[in-house]
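Hi,

Here is the structure I promised to pass on. Have a look at it first, and then read my notes underneath.

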Amino acid sequence: MGIFDLFRRPPAIRDARALADFIDQNAAFVAQKGIYEYSRARAGHYSKVLFRETEFRDACDRSRWQAYPLGLAMVGELTEAALFSSDPDERQARIEAIARLTLAVFDRHPVPAPLDRITWDALRGELEQNLARIGLHPPKRAMDVPASYAEAYFNLMPIHKTLRGRDAPTVHNYLRVTMCNIQDELTRRIDVPAVVESLRGPGPAASAA
């Protein structure tokens, strides 16, 4: 990346492939940043020592991959809200398209090293169920999307539960702020008519991560 690339705006999202990349990148960001930042905050002055421990780094990596499908579900729900249609039939079609796209994003990734196939398949099944529930309620505000996922996300923190204290609301607030930021970026970049038209096609190929 050249120095002038820092001043360039991110490209517009005009098709399903670009939208899939956006969902993937932001879901990974949600999973990794929250887990790493919480662990550093909890460890305090000992964080550098803790992160040098192979066992702890492995635990973080496992937590990150387990949290990734939760990130996909949240960003997928935000995306549906951005493409919202008041026509019930059209909305359902868009929900199904977003679900297919988000599951294709999940399928870009082989079974992560810290997990086994059974666990990875179970996480995919949970993601599919979460995406199917989007149509059971009107679109949520970005800040309200994490409510269904915050507890599960917090329970994945690689810190012993006796040391977490009463930090669940803090982690929930992190998710709320992050969802608002992601929504702002998506709103700025997405070309809704072009993306809706692209989603009517066969969909982007699921490229390897």
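**Aromatic pairs**

By the ring-centre rule, the count comes to four aromatic pairs. One of them joins W65 and Y68 in an edge-to-face arrangement, with 5.8 Å centre to centre and 75 degrees between the planes. Before you take those numbers further, keep in mind that this is a predicted model.

Both partners of that pair sit in helix α3, three residues apart, or about one turn of the helix. Are W65 and Y68 buried or exposed? W65 has a relative accessibility of 16%, so it counts as buried, and Y68 is buried as well, at 3%. The pair also belongs to a wider group: W65, Y68, F106 and W120 form one aromatic cluster.

**The core**

Y68 turns up again here. The largest nonpolar core has 53 residues, and Y68 is listed with L19, L72, M74, Y153 and L199 as those with the most contacts inside it. Elements giving two or more residues to this core are α1, α3, α4, α5, α6, α7 and α8. The biggest share comes from α1, with ten residues. As for M74, leaving out residues up to four places away in sequence, it touches V30, V145, P146, Y149, L175 and M179.

**α4, α5 and the loop between them**

Helix α4 runs over residues 88-107 and reaches 29 Å from its first C-alpha to its last, close to the 28 Å expected. At its N-terminal end, D87 acts as a cap: a side-chain oxygen lies 2.9 Å from the backbone nitrogen of D89. The buried residues of α4 include R91, R94 and F106, and F106 is also a member of the aromatic cluster.

Helix α5, residues 117-132, spans 23 Å against an expected 22 Å. Which residues of α5 are buried? They are W120, L123, L127, N130 and L131. These cover an arc of only 95 degrees around the axis, so they lie on the same side of α5. Turned away from that buried side is a face that carries the exposed residues I118 and A132. The backbone nitrogen of I118 also has a side-chain oxygen of D116 within 3.3 Å, at the start of α5.

One more residue to look at is R108, in the loop between α4 and α5. R108 has a relative accessible area of 8% and is therefore buried. Its side chain makes a polar contact with the side chain of D21, at 2.7 Å.

Cheers

Definitions and conventions
Residues numbered from 1 in each chain as written. Predicted model: local features only at pLDDT ≥ 70, side-chain atom pairs only at ≥ 80, totals over all residues. Heavy atoms only, no water. Helix = DSSP H or I, 4+ residues; strand = E, 2+ residues; numbered from the N terminus. Expected span 1.5 Å × (residues − 1). Buried < 20%, exposed > 50% of the residue type's maximum accessible area, 1.4 Å probe, protein only. Polar contact = N/O pair within 3.5 Å; in protein donor to acceptor, adjacent residues only side chain to side chain. Arc of directions from axis to C-beta. Core = buried A, V, L, I, M, F, W, Y, C linked by side-chain atoms within 4.5 Å. Contact = heavy atoms within 4.5 Å. Phe/Tyr/Trp six-rings, centres within 6.5 Å; stacked < 30°, edge-to-face > 60°.
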